[in-house]
Amino acid sequence: MKFLFFMFGVIHLLSPSSGIAIYKNGISQRTFQEIQKEVASYEDVAKAIINLAVYGKYQNRSYERLALLVDTVGPRLSGSKNLEKAIQIMYQNLQQDGLENVHLEPVKIPYWERGEESAMMLLPRIHKMAILGLGSSVGTPSGGITAEVLVVTSFDELQRRASEAKGKIVVYNQPYTSYRITVQYRTQGAVEAAKVGAVASLIRSVASFSIYSPHTGVQEYQDGVPKIPTACITVEDAEMMSRMASRGNKIVVHLEMGAKTYPDADSFNTVAEITGSKYPEQVVLVSGHLDSWDVGQGAMDDGGGAFISWEALSLVKDLGLRPKRTLRLVLWTAEEQGGIGASQYYERHKVNVSNYSLVMESDSGTFLPMGLEFTGSDKARAIMKEVMSLLQPLNITDVFSDGEGTDINFWIQAGVPGASLRDDLYKYFSFHHSHGDTMTVMDPKQMNVAAAVWAVVAYVVADMEEMLPRS
């Protein structure tokens, strides 16, 4: 292993593409076989990254760094003092790590607080319900709301029973199929209930598994539609009320929510780099978001993704590597409110969109990766398959479709290739946006592997002679 660490730099300097004129009239003249050969030349570099991250001196580093932050700061809601404290800590951490061009880019972000909240079933029996108000929800009037419940399983059923909804609390007991499909009830449930005259909505948590755990998240009001209080309840309570309703029981709930929305707050995206040696103006962007919801510790969502992104740059730096292109780490702010920090970053930097070779975001957990999700041209996908073959020592070589992320979708829609990690989403959505999102969910060995995958992909794409081809 020591010999491998010593030799990789020499091997890298003798990369077959070095010094070769490969463009004519701005178009690559290389065959795919030549590109394959170039990627294959990174085999020893990839092994060095894997060895250092998974087996060597810095195994468990991303886990330990993350634990220190979230144990110190806790959850990091947009607009909160906790988030701003975390940003300042990370600014100092990245400087102390020896990364370059460490800076904070100012943004304006939403500022919402849930306040005190409770829900009590009064009929057909007394039962205190666990709830979590949804982001941007209004609060209840002073003294709360007491109303009969209408239970539905879909928006279609709500429309069929619209005449029954006026003055009631609509409870959605929608089945969980996938997050992408089911989350519409969380984001749109209040609006659809308000349209038929409901006074509040309670939504079954969008979760793949539950141990009486409500899950929060953002919801969206609509202009011209009354704003009603809305919260998520547990899977268990939603199913119980559905059974009660099917028996003809009258269900009455008393709801109190002290939620408030304040003027937008000042915040920052946190940026650090390893400056490119040959094409410093060109960028491979590696990212995760630093904000979280205000429950649990925000360790999984998205502390893990943010910290393996930091770890990717740390591993490259620790091995003495300097890619041809700039490796840029961005820790986004206010992702949970809809990619607010990332949107403002895009507006500030989109003039340079042609210089972005790849944008990467880890925001679906850092459990044991199954492979890489990728969006890009067929030629770029073929190259990424070659890059992923370098991860054969970890048996993680698959390239899936639909690389995406709330924070990088702006760039992908502009034609920049995008990548995200693929791992265990069932486990991810068991803890997502809940009190259970703590360091206990995280596995240091799995984080090591995720960081190794992230670092190998980021470094190789940043160091290849050509940017990834676009459509």
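**Strand β11, two helices and one arginine**

Let me begin with strand β11, where the bridge partner of I145 is L255. Please keep in mind throughout that this is a predicted model. I145 belongs to strand β7, residues 145-152, and β7 and β11 pair in the antiparallel sense over four bridges. Strand β4, residues 117-123, is also antiparallel to β11, and six bridges join the two; within that pairing, E117 stands opposite M257. As for exposure, β11 covers residues 252-257, and five of its six residues are buried, so that the strand is mostly covered.

I turn next to helix α7, which runs from residue 179 to residue 195. How does the distance between the end C-alpha atoms of α7 compare with the span its 17 residues should have? At 1.5 Å a residue the helix should span 24 Å, and because its end C-alpha atoms are 24 Å apart, the two values agree. I would add, with some care, that α7 nevertheless bends by about 60° at Q188. Many residues of this helix are buried, among them T182, V183, Y185 and R186 ahead of the bend residue, and G189, A190 and V191 after it. The elements that cover the buried residues of α7 include α6 (155-160) and β8 (169-172), together with β9 (200-204) and β10 (230-233). Following the helix comes G197, which has a positive phi, near 95°.

Helix α10, residues 340-349, can be described in terms of where its buried residues lie. These buried residues are G341, A342, Y345, Y346 and H349, and because they cover an arc of only 135° around the axis, they sit on the same side of α10. In general, an α-helix has 3.6 residues a turn, so residues three or four places apart point the same way. What lies over the buried residues of α10 includes the strands β3 (100-113), β12 (260-274), β13 (279-289), β14 (325-332) and β15 (356-361), and also the helix α12 (409-413).

Finally, I would like to look at a single side chain, that of R61, which is found in helix α4, residues 61-73. Is R61 buried or exposed? Its relative accessible area is 12%, and because buried means under 20%, R61 counts as buried. Which residue's side chain does the side chain of R61 join in a polar contact of 2.8 Å? That partner is D318. Leaving aside residues up to four places away in sequence, R61 touches E311, S314, L315 and N448 as well as D318.

Notes: Residues are numbered from 1 along each chain as its sequence is written. This is a predicted model: local features need pLDDT of at least 70, side-chain atom pairs count only at pLDDT 80 or more; totals for chains, interfaces and linings use all residues. Side-chain values use heavy atoms; hydrogens and water are left out. Buried means under 20% relative accessible area, exposed over 50%, partly exposed in between (1.4 Å probe, protein chains only). A polar contact is a pair of N or O atoms within 3.5 Å; within protein, one must be able to donate a hydrogen and the other to accept it, and residues adjacent in sequence count only if both atoms are side-chain atoms. Contact means heavy atoms within 4.5 Å. The arc is that of the directions from the helix axis to the C-beta atoms. Two strands pair if DSSP finds at least two bridges between them. The expected span of a helix is 1.5 Å times one less than its number of residues. The bend at a residue is the angle between axes fitted to the seven residues ending there and the seven starting there.
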